Amino acid sequence: MELLRIVLPLAAAGCFLWGAGQCAWRTLCPRRNPAFGRQGLPGRLWQPALLCLLVGAAVQGMLVGIGWSQGSYATLAQALDALFYGNTDARHYLDLARYGYGAGEAFSEQYLMIVFFPLFPWLLRLLNPFGWLDIRVLALVVQLPLFALAGTGLFAVTERRYGASTAWRALVLLLISPASFFFWMPMTESLFLALTVWYVWCLEQGYGGRAAVLGVLAGLCRAPGALLTGLALLHLLERWRARKLRLTPGLVAALWGPALGLAGYFALNQFVYGRWNQYSVYQWEHWHQRLGLFTETIRYHLSYLAQWWQSDRSAAIWICLTAVVCIVLAFALLAAAARELPPSWLGYGLAYLLLTMGATWLLSAPRYAVALFVLPVGLAVMLRGRPRSTAVTGICLAAGSVAYTAAYLLHQPIY
């Protein structure tokens with residue numbers, strides 16, 4: 001184990017440095033890129049949308065059915081509470097949608113809920129202005145169109161650069177990825193992914209105003225949304241080096257939109273508590289959570305894995321082991337695909353992993369990784385022209401997805 005605590009962080013760091021070097025080199029020395037031109041949406045986009053809706057409905061139906069059968073519940077609402085609003089952050093988003101932020105006790109630990117970004121609760125409140133709908137059901141149902149938007153956006157940005165077959169492959173890989181069931185949970189994964197991919201599509205098409213709006217919303221949805229400002233900067237720099245940049249007010253707005261969204265979240269902290277970074281105070285005081293290095297995350301999870309293997313094997317496997325595997329494989333994938341991915345996408349992927357996997361107490365590595373669109377795209381690109389490798393990869397991902405979902409249904413420590 002001590003050897004692994006040395007080798008795995010070094011391997012992940014090496015992958016990060018290789019990817020960062022490729023990103024810098026290819027941004028400053030761009031090759032010809034046909035994706036710089038405006039191309040429009042792919043035809044028959046309803047097909048990936050329909051696939052996303054059908055898979056989402058099937059997964060939600062399966063989860064509700066299995067959850068209902070596990071206990072004796074008098075109503076559907078009780079079953080939903082037990083299945084979706086137990087250990088995950090979903091219950092916090094619903095409480096915020098009902099009562100909002102504040103320092104009071106409208107619900108348990110209301111003052112701590114500033115650590116959760118506001119866009120998803122605001123969306124639920126917008127869709128239920130009079131409170132006539134059961135917000136637990138609404139939070140589930142809304143995930144279906146949100147993920148349909150996310151899936152079609154992923155298809156559109158991938159098809160634009162790599163063609164329809166790679167776009168279909170990327171979408172299927174996303175659907176069968178471990179932790180993909182979180183897309184249909186009452187949380188932020190579908191919303192964030194939808195905003196991210198459509199921001200990228202609008203930016204690359206030159207629709208600066210639309211990208212700016214989506215960027216602001218992404219910054220209000222989750223902290224990594226602000227990283228889209230970096231993606232936009234790399235994209236514009238690459239186009240400038242290729243002498244294909246015509247800077248417009250819309251593109252300038254698109255560049256700063258994600259950062260402004262994050263600034264809006266800071267302003268919310270200031271308005272509620274009189275301190276712009278109050279969220280970070282609560283994260284440290286109550287969860288010992290702050291920014292760190294992903295290499296240290298690997299090291300401490302391996303240490304806990306060894307300590308808990310006899311006393312708490314569930315936590316050892318579903319928190320520690322999954323985090324280590326997720327971090328190492330994610331960086332390895334980006335490194336392997338570094339020469340094939342657009343440098344702006346690669347830079348965003350590296351920054352996203354650097355931010356999300358570097359927490360001082362990381363509980364949800366697979367859930368964070370599944371919302372990074374670069375991973376399924378990079379894997380799909382690497383598998384082009386390799387049907388056997390594609391089949392083996394698909395089987396492994398599907399098996400991991402089944403195991404991870406089953407563990408969640410058995411109330412293992414999956415958050």
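These legends walk through several close-up views of a predicted model.

**View 1. The largest pocket and the residues around its centre.**
Welcome to the largest pocket, which holds about 1,200 Å³ of space. Its lining is built from 37 residues, and those nearest the centre are V115, F116, Q283, Q289 and Y368. Five elements give two or more residues each to this lining: α4 (90-99), α12 (249-273), α13 (278-287), α16 (343-356) and α17 (365-370). Which element gives the largest share of the lining? That is α13, with five residues. If you sort the lining of the largest pocket by chemistry, you will find 22 nonpolar, nine polar and six charged residues.

**View 2. The second largest pocket, with α15 in its lining.**
Here the space comes to about 810 Å³. The second largest pocket is lined by 28 residues, and P178, V325, C326, L329 and L397 are the closest to its centre. Two or more lining residues come from each of α8 (164-175), α15 (313-336), α17, α18 (374-382) and α19 (387-409). Helix α15 supplies the largest share, 10 residues. How many residues of this lining are nonpolar, polar and charged? The division is 24 nonpolar, four polar and no charged. Helix α17 is worth keeping in mind here, as it is listed for the lining of the largest pocket and also for that of the second largest pocket.

**View 3. A salt bridge between E189 and R367.**
In this view the closest N and O atoms of E189 and R367 are 3.1 Å apart. E189 belongs to helix α9 (residues 189-205) and R367 to helix α17, so this pair ties together parts that lie 178 residues apart in sequence. Are the two partners buried or exposed? E189 is buried, with a relative accessible area of 0%, and R367 also counts as buried, at 5%. The pair is part of a wider set: salt bridges with shared partners join D89, E189, R222 and R367 into one network.

**View 4. A salt bridge within helix α4, between D95 and R98.**
The side chains of D95 and R98 meet with an N to O distance of 3.3 Å. Because they are three residues apart in helix α4, about one helical turn separates them. The two ends of this bridge fall into separate accessibility classes: D95 is buried at 16% relative accessibility, because that value is under the 20% cut-off, while R98 is partly exposed at 39%.

**View 5. A salt bridge between R136 and D134.**
For this pair, the N to O distance is 3.0 Å. D134 counts as partly exposed, at 33% relative accessibility. To place this view in context, a search of the whole structure finds 10 salt bridges.

**View 6. A nonpolar patch on the surface.**
Four residues, L3, I6, V7 and L10, make a nonpolar surface patch of about 400 Å². One of them, V7, sits in helix α1 (residues 2-28). V7 counts as partly exposed, at 41% relative accessibility.

**View 7. A211 in helix α10.**
Our final view turns to A211, found in helix α10 (residues 208-221). A211 counts as buried, because its relative accessibility is 0%. How far apart are the C-alpha atoms of A211 and E159? They are separated by 19 Å, and the two residues are 52 residues apart along the chain.

Methods
Residues are numbered from 1 along each chain as its sequence is written. This is a predicted model: local features need pLDDT of at least 70, side-chain atom pairs count only at pLDDT 80 or more; totals for chains, interfaces and linings use all residues. Side-chain values use heavy atoms; hydrogens and water are left out. On a 1 Å grid over the protein atoms alone, a cavity is a set of points where a 1.4 Å probe fits but cannot get out, and a pocket is an open set with protein on both sides within 12 Å along at least five of seven lines; lining residues have an atom within 4 Å of a point. Grid points are joined across faces, edges and corners, and a volume is the space filled by probe spheres set on the points. Helices (H or I, at least four residues) and strands (E, at least two) are DSSP runs, numbered from the N terminus. Ala, Val, Leu, Ile, Met, Phe, Trp, Tyr, Cys and Pro count as nonpolar, Asp, Glu, Lys and Arg as charged, and the others, Gly among them, as polar. Patches are made of residues with over 30% relative accessible area and no salt bridge: like charges are joined within 9 Å, nonpolar side chains (Val, Leu, Ile, Met, Phe, Trp, Tyr) within 5 Å. Accessible areas come from the Shrake-Rupley method with a 1.4 Å probe; for residues, only the protein chains shown count as cover. Buried means under 20% relative accessible area, exposed over 50%, partly exposed in between (1.4 Å probe, protein chains only).
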